[in-house]
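Me: I have this model open at the bench and would like a close look at a single part, the ligand site. Could you walk me through the residues around the ligand, and then outward from there?

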Amino acid sequence: MIILGPPGAGKGTQCERLVETFGLVQLSTGEMLRAEVKSGSELGQTAKEIMDAGELVPDDLIISMISSQIDQQSEAKGVILDGFPRTTAQAEALDVMLSEKSLSMDHVVQLEVDEDAIVERLSGRFSCANCGAGYHDTFSPPAEEGKCDKCGHTEFSRRSDDNPETVRSRLVAYREQTAPILPFYQDKGVLQSVDGMGGMEEVFDQIKEIVAGG
Ligand code: AMP
């Protein structure tokens, strides 16, 4: 399945829940790129500047990265694509990729959120530096301050692109390059929209219904 929505819509959070509940594997192109940046690879060095500017990494790099990751998931029950596709070219390449790999797409879920809420959501978010569990200063802090609920680690990190200036550029990239893929999936009759403005559980209930529905 694919989960679509602007930055800050809650894609990562909902993916975490889908992984826990349905045993799916999450493939997040943003996470893969951040790992490349951290490792200092050639791809990471190219991607860092683009990501810090809030722009999109070139399609060919992303497409080959996700294709090889999908190939490594042959044992998985199912895969959730988080942050991919982000352009019409990527959506078209995914179609070709899936048919070449004899895979199907069961659900395309769009998280609809109010843009004003996005900056607030993004500016408060952080994650565990060890296991990656996501938190928010206001909406979902750890139960015990300074300690990860999942693994007990006490170090956290914030993304360098979650600052107001970069967030604005990321929203422009979403509006101009990613939102145009919604009609692509609508025309195929697979797009299902979910109100992403509710609480984490409410949003997850809506997604769960879609996934459980077949
Ligand atoms: P995300 O974690 O999904 O918000 O992605 C963080 C950044 O990584 C984005 O702002 C882009 O610069 C880059 N990125 C992630 N996924 C893609 C993609 N599918 N196509 C192009 N750039 C991407």
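Reply: Happy to; what follows starts at the ligand, moves through the residues beside it and ends in the surrounding protein.

Please keep in mind that this is a predicted model.

Let's begin with the shell. The ligand is surrounded by 16 residues, and the closest are Thr29, Arg34, Glu55, Gly83 and Gln90. By character, the shell divides into six nonpolar, four polar and six charged residues. Helix H2 (residues 29-39) gives the largest share of it, four residues.

Three polar approaches to the ligand are worth finding on your screen. At Thr29, a polar side-chain atom lies 2.8 Å from a nitrogen atom of the ligand. At Gly83, a backbone N or O atom lies 2.9 Å from a ligand nitrogen atom. At Glu55, a backbone N or O atom is 2.5 Å from an oxygen atom of the ligand. As for cover, the ligand on its own has 480 Å² of accessible area, and the protein covers 96% of that.

Now take Thr29 and Gly83 together. Thr29 is found in helix H2, while Gly83 sits in the loop between S3 and H5. Besides approaching the ligand, they meet each other: a polar atom of the Thr29 side chain lies 3.0 Å from the backbone oxygen of Gly83.

Is Thr29 buried or exposed? Thr29 has a relative accessible area of 3%, so it counts as buried. Gly83 is buried too, because its relative accessibility is 9%, and the cut-off for buried is under 20%.

Their neighbours fill in the picture. Leaving aside residues within four places in sequence, Thr29 is in contact with Ile62, Met65, Ile66, Asp82, Gly83, Phe84 and Arg86. On the same basis, Gly83 touches Ile3, Lys11 and Thr29. For a sense of scale, Gly83 and Asp205 are 122 residues apart in sequence, and their C-alpha atoms are 21 Å apart in space.

Stay in the loop that holds Gly83 for a moment. Pro85 is also found between S3 and H5, and the peptide bond from Phe84 to Pro85 is cis, with omega near 0°. Most peptide bonds are trans, and most residues other than glycine have a negative phi. Ser102 is a place to look at phi: its value is near 55°, positive in a residue other than glycine. You will find Ser102 in the loop between H5 and strand S4 (108-112). Ser102 counts as exposed because its relative accessibility is 65%.

From Pro85 we can step into the nonpolar interior by way of Tyr185. Apart from neighbours within four places in sequence, Tyr185 is in contact with Ile2, Leu4, Pro85, Ala91, Leu94, Met105, Val108, Val190 and Leu191. In soluble globular proteins, nonpolar side chains tend to be buried together. Here the largest nonpolar core has 28 residues, and those with the most contacts inside it are Ile2, Leu4, Ile66, Leu81, Leu94 and Tyr185. The elements giving two or more residues to this core are strand S1 (2-4), H2, helix H3 (42-52), helix H4 (59-71), strand S3 (79-82), helix H5 (88-100) and helix H8 (182-187). Helix H2 therefore turns up twice in this tour, since it gives the ligand shell its largest share and also contributes to this core. Ile66 links back as well, being one of the contacts of Thr29.

There is also a second, separate core of 20 residues, which includes Ile3, Ala9, Val113 and Ile118. Ile3 is one of the residues touched by Gly83, and that gives you a path from the ligand site to this second core. Val113 lies in the loop between S4 and helix H6 (115-123). Its relative accessible area is 18%, so Val113 is buried. Not counting residues up to four places away in sequence, Val113 touches Pro6, Ala9, Ile118, Arg121, Gly196 and Met197.

One last stop is Asp149, in the loop between strand S6 (134-136) and strand S7 (156-157). Asp149 counts as partly exposed because its relative accessibility is 46%. Among residues beyond four places in sequence, Asp149 is in contact with Tyr135, Pro142, Ala143 and Glu144. Asp149 and Ala133 are 16 residues apart in sequence, with 8.3 Å between their C-alpha atoms.

How values were computed:
Residues numbered from 1 in each chain as written. Predicted model: local features only at pLDDT ≥ 70, side-chain atom pairs only at ≥ 80, totals over all residues. Heavy atoms only, no water. Near = heavy atom within 4 Å. Polar contact = N/O pair within 3.5 Å; in protein donor to acceptor, adjacent residues only side chain to side chain. Areas by Shrake-Rupley, 256 points an atom, 1.4 Å probe, with all protein chains shown as cover. Nonpolar A, V, L, I, M, F, W, Y, C, P; charged D, E, K, R; others polar. Core = buried A, V, L, I, M, F, W, Y, C linked by side-chain atoms within 4.5 Å. Buried < 20%, exposed > 50% of the residue type's maximum accessible area, 1.4 Å probe, protein only. Contact = heavy atoms within 4.5 Å.
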